[in-house]
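This report covers salt bridges first, then one helix pair. Follow along in the sequence and the 3D view.

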Amino acid sequence: MNVNISSTAAGGFVSGVKALISGQNKLACVITLGCQQNEADSEKIRAMAVDMGYGLTDSPECADLIVVNTCAIRRHAELKALSIVGNFKAYKKDKPELIVAICGCMAAEPHVAESIKKSYHHVTFTLEPSMLHRFPELVHRSITEHRRTFVFGNEEWDVIEGIGSVRTSSHKAWVSIMYGCNNFCSYCIVPYVRGRERSRNSADVIAECRALIEQGYKEITLLGQNVNSYKSDMTFAELLEAVARIPGDFVLRFMTSHPKDASDELIRVFGQYTGKIAPAFHLPLQSGSDRILKEMNRTYDTAKYLATIDKIRAAVPDAAITTDIIVGFPGETDEDFEATMSILERVRFDMVFSFNYSKREGTRAAKMENQVPEEVKKERMTRLLDVQCEISREKNDAYLGRTVRVIVDSAEQKSGKTVYSARTATNKLVHFGAESNYIGKFIDVKIIRTGAFDMLAEIV
Ligand code: SF4
């Protein structure tokens, strides 16, 4: 169900907290770990904090409300979050009224919530991602009731509209179009922690994008765990087309696409609106072995995957294609890994985001007995990275001497000079030096040096 936040109890708690902290110059610090969906959620948490009367700070030691928006996709990400949260114990000693909140995917894992309850006594509340709109209520309870709260086990899965965003960037915006996932890939915790798929109304998404473009945003990324299964009165291809047709000078991206639902219609729209839709397609392969894909419950095989790649290249020959690969999924043999390597050679991805398989409690793959030893994963990963590094370098070399339009993201001082970081429409990282301030602008640059991961350019 799509519900507006104004029809929930949140508004009362917002004004309640505002009255309680009025005139006290309270500050909130939101720390984000993990994916773009978490970035988007953090922007909403910041907006709710501001509505409640908090100022914002980047330094947790100055904050009265610290929110850690966590990621549960790999064990490493969980350990990092717990280590960050552990540091706040000392702050709480000095400032007993400090509120420490854990949101994001870890907060929805019962065993994690249990361990936080038992061992992290300085944590005031946890809140799973699908109940983000209850954030003001939990802050209110923390201030008025002085007790710890652990909220998880949501089964309602509503889409809550009307929560604002304090956006991190003034030129790039994340726009969530759907939440949750129904795919239950056997290695993945996301469906358990973010719940079932639910899509926003297309009119709400289009209105949000239109407003962002009118405010001058230059890049919009439509976000979902699997955008291709977006369902409202429009398909995802129709929604993408509707956003691409909004007048204005902007680049439109989308992620993530599940290969099983990357439809011909989507590829048609991708090819038809090349002036607006970035020529960059992220299509997670995960493994090049059909046997492993089946064990992963990915529901496509390599033949289908490769046919989709061919269609994307036929529609947009210069498209940058990127992928995700999991190395060392349970039962992955040398032959399975070689099959992945041969797809890398065949497709020649612009970039591969590769991860060693990490056991996630509660998933089917975690119970599989034939886990791959860590040293084997490490060896395979090293080989994969070596091969992909050469391919990425070769892909980037094709840009040498070309003039490309980039959007400028940030600047830093290096040896007394201002060096800007920017992205091409194909999402390649480009650095160039300049005197004027170009952040948030489109400019043309000429590529003068290339590497596997970035390129050097000069202003044309
Ligand atoms: S599609 Fe698979 S990998 Fe992606 S979020 Fe859903 S379950 Fe996880």
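## Salt bridges and a helix contact

The count comes to 31 salt bridges, a salt bridge being a side-chain nitrogen of Lys or Arg within 4 Å of a carboxyl oxygen of Asp or Glu. Side chains of opposite charge can pair when their charged atoms come close.

The model is predicted: local features need pLDDT of at least 70, side-chain atom pairs count only at pLDDT 80 or more, and totals for chains, interfaces and linings use all residues. Residues are numbered from 1 along each chain as its sequence is written, and side-chain values use heavy atoms, with hydrogens and water left out.

Three of the pairs are listed here.

| Salt bridge | Closest N to O distance |
|---|---|
| K172 and D409 | 3.0 Å |
| K428 and D350 | 2.7 Å |
| R393 and E390 | 3.8 Å |

Take K172 and D409. K172 lies in strand β9 (residues 172-176) and D409 in strand β17 (residues 403-414), so their bridge ties together parts that are 237 residues apart in sequence. Helices (H or I, at least four residues) and strands (E, at least two) are DSSP runs, numbered from the N terminus. D409 is partly exposed, at 22% relative accessible area. On this scale, buried means under 20%, exposed over 50%, and partly exposed in between (1.4 Å probe, protein chains only).

Next, K428 and D350 meet in a salt bridge. This pair also links distant parts of the chain, 78 residues apart. K428 sits in the loop between β18 (417-424) and β19 (429-433). D350 sits in the loop between α12 (334-347) and β16 (351-356). Are K428 and D350 buried or exposed? Both are buried.

R393 and E390 belong to helix α13 (residues 374-397). They are 3 residues apart, so about one helical turn separates them. R393 is partly exposed at 32%, and E390 is partly exposed at 48%.

Salt bridges also form a network. It links E43, E161, R167, R200 and E208.

Now the helix pair. The axes of α1 (residues 10-21) and α5 (residues 135-145) come within 8 Å and cross at roughly 40°. Axes are lines fitted to C-alpha atoms, for helices over the stretch in contact, and angles run from 0 to 180 degrees between N-to-C directions. The crossing angle makes α1 oblique to α5. Under 35 degrees counts as roughly parallel, over 145 as roughly antiparallel, 65 to 115 as roughly perpendicular, and the rest as oblique.
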